[in-house]
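Here are my notes on the model you sent over. I have kept them as numbered points so that you can follow along with the structure open.

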Amino acid sequence: MGVLLIVRHFSKKPPNIPPGPTYIPLVGCVQIFLNSLKKGDSRIVYRRFREKYGDVFSFYLGSRLIVVINGLNNLKEAFVKKGDVFSDRPHMFTIDKVGQGRGIVNTSGLVWWEQRKFAVSALRQLGFGKTSFEDKVHKEIDSFLNVIDNLNGRDVDPKRMIPTAISNIICSIVFGDRFEYDDPLFNKFLDIFDENLKMVGGTSFLNFYPLLQYLPGDLFKFDKVLENVEFVQGFVREKVEEHRQSFNEEKVRDFIDAYLLELRQHIHGSETTFSYDQLVKVIGDLFVGGTETTSTTLRWALIYLVRHPEVQERMFKEIYRHLGTTKRPHMAFKQKLVYCKCVTLEIQRMADIAPFSVPHATSESVGFKNYFIPKGTIVIPNIHSVLKDPEAWKNPEEFKPERFLNSEGKIVKPDQFIPFFLGKRVCMGESLAKMELHLFLTSIVQRYKILPPESGELPSLKSNPGLTFTPQNYFIRFVRRQ
Ligand code: HEM
């Protein structure tokens, strides 16, 4: 009888929620469950559901209601027009354990608002994404090109060297320092990030079937994830302590100093969300947000370039015409490199690395498109439905940088170009990411031809679904231009 009552309780749907597939109480939608189990590509499942149930559909996983929103206008209506309601993060077992209600990426309400507002303003003051910041990126590009030079055109999998360069840029903003490529601690750091990104997909079952946490052993590797997070936080805490010892409020060196200064201003004030523990989480968020995304995009970029030598040559000709082979491709020249800009845009559209953004949640019950969405519902923005919308992009699966050029040779960027998403949670690192992508790609193409490996095997376009959609491992060669 008790079991029947529990099952009845969990089978009761709120009235008028968006349509969707049937589900088994406590298990949820079987298709989604099986797809998660075999780590399948949700883009395909969601496309089928959209065809059947419309632009706004819902399903259950475990006993959690999930709503998926498709199409640019609907995304704007939810995340911009009704952004106050659609911008929370969901409470979930793993996120709450890892995030502990701190930082930016996984928080909501006052903590999110204060920490994000401060971080955006501090990063801007430190020159984030501005021309004054460029030198730091160029310095990292120099080291990166050095590593490539030393390969002498041998086969290489760029999987490690790209995140090394990109995370070093975040290091220089946050810690005021960078690491050498062979620094053992830094490499351990990168290994741990890698390991956690691989394991985090498996842990998501705990969010929908929380009773699984009581199984003996570390079946979902979640204890290992927490151990890794603790290691990284320990390292960050040490850096914060070093900064505290040498802090001089007249000379703000980096993000940690900026935060320490802010903390001082709150010492005698009223209640505040600023604290050392918050700082450690915010730094973690800047690393996770700023490393994996840009690195993955660059790894995809090399794949598209090696598969499209004609695009490389057209980029090189444009760079050569304006800069020759030795002048650095500074941001000041970006406006001249119109075709190169189109290539970067098309790479981001095609790579579609965060097809479902980061899950949102409703902060209160809300009416949307004649449906009812209860408070605390998980909401997934389907960015993929917009970046590959056939009504906005002709032959959306075709790699075609010229699609961004109008008949006068000027760049036109349709509203559907939303790889950084939109609304209140829009990516905080957009300006830095754009700078990094432009400078890395133009610097690489200016100096090398990117070729398939000796075996001639072209890198695959298949992706590994995960937190971001990453390419499969591949080898290429960088051969210096004469
Ligand atoms: C090509 C590179 C990048 C892409 C495609 C990208 C994309 C995104 C997307 C889709 C979101 C989620 C928005 C949402 O919650 O709906 C996001 C959030 C975020 N991004 Fe990026 N990002 C990139 C680079 C960066 C960089 C370089 C940083 C550096 C600091 C960064 C920091 C963040 C942070 C902190 C958030 C969380 C914002 C919040 O929750 O309020 N991202 N990004």
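1. Between which two helices is the loop that holds Pro210 found? Pro210 sits in the loop that links α11 (205-208) to α12 (222-246). Please keep in mind throughout that this is a predicted model.

2. Is Pro210 buried, partly exposed or exposed? Its relative accessible area is 39%, and buried would require a value under 20% while exposed would require one over 50%, so Pro210 counts as partly exposed. Pro210 also has a partner from far along the chain to look at: Gly62 is 148 residues away in sequence, yet the two C-alpha atoms are 8.9 Å apart in space.

3. Gly62 leads us to a hairpin. Strands β1 and β2 form this hairpin with 2 residues between them, and Gly62 in the turn has a positive phi of about 60°. The two strands run antiparallel and are joined by 6 bridges. To find the pairing on screen, look for Phe59, which stands opposite Ile66 in β2.

4. The first strand of that hairpin, β1, is mostly covered, with 6 of its 6 residues buried. Val56, Ser58 and Tyr60 are on one side, Phe57, Phe59 and Leu61 are on the other, and both faces are covered.

5. Now for the sheet to which the hairpin belongs. It is an open sheet of 4 strands in the order β1-β2-β6-β3, and its pairing is mixed. At the edges stand β1 (56-61) and β3 (360-361); each has a single partner strand, so one side of each has no neighbour in the sheet. As a reminder, strands of a sheet pair through backbone hydrogen bonds, either parallel or antiparallel.

6. The parallel sense appears between β2 (residues 64-70) and β6 (residues 378-382), which pair over 5 bridges. Within this pair, Val67 stands opposite Val379 in β6.

7. On to the ligand and its iron atom. Which protein atom is the donor of the iron? The only one is SG of Cys427, at 2.3 Å. Cys427 lies in the loop between α17 (384-387) and α18 (430-447). In the UniProt record, an unreviewed entry, the annotation "binding site" covers Cys427. With a relative accessible area of 33%, Cys427 is partly exposed.

8. Around the ligand there are 25 residues, of which Arg89, Arg116, Ser357, His360 and Cys427 come nearest. Three of these are worth checking for polar contacts to ligand oxygen atoms. An N or O atom in the side chain of Arg89 is 2.7 Å from a ligand oxygen, a polar side-chain atom of Arg116 is at 2.8 Å from one, and for an N or O atom in the side chain of Ser357 the distance is 2.6 Å.

9. Finally, what makes up the shell around the ligand? By residue class, the shell divides into 13 nonpolar, 9 polar and 3 charged residues. Helices α7 (109-125) and α14 (276-307) each supply at least two of the shell residues, and α14 gives the largest share, with 6 residues.

Notes: Residues numbered from 1 in each chain as written. Predicted model: local features only at pLDDT ≥ 70, side-chain atom pairs only at ≥ 80, totals over all residues. Heavy atoms only, no water. Donors = N, O, S within 2.8 Å, 3.2 Å for Na, K, Ca; no water. Near = heavy atom within 4 Å. Polar contact = N/O pair within 3.5 Å; in protein donor to acceptor, adjacent residues only side chain to side chain. Nonpolar A, V, L, I, M, F, W, Y, C, P; charged D, E, K, R; others polar. UniProt positions renumbered as here; feature names shortened; annotations may be inferred. Buried < 20%, exposed > 50% of the residue type's maximum accessible area, 1.4 Å probe, protein only. Pairing = 2+ DSSP bridges.
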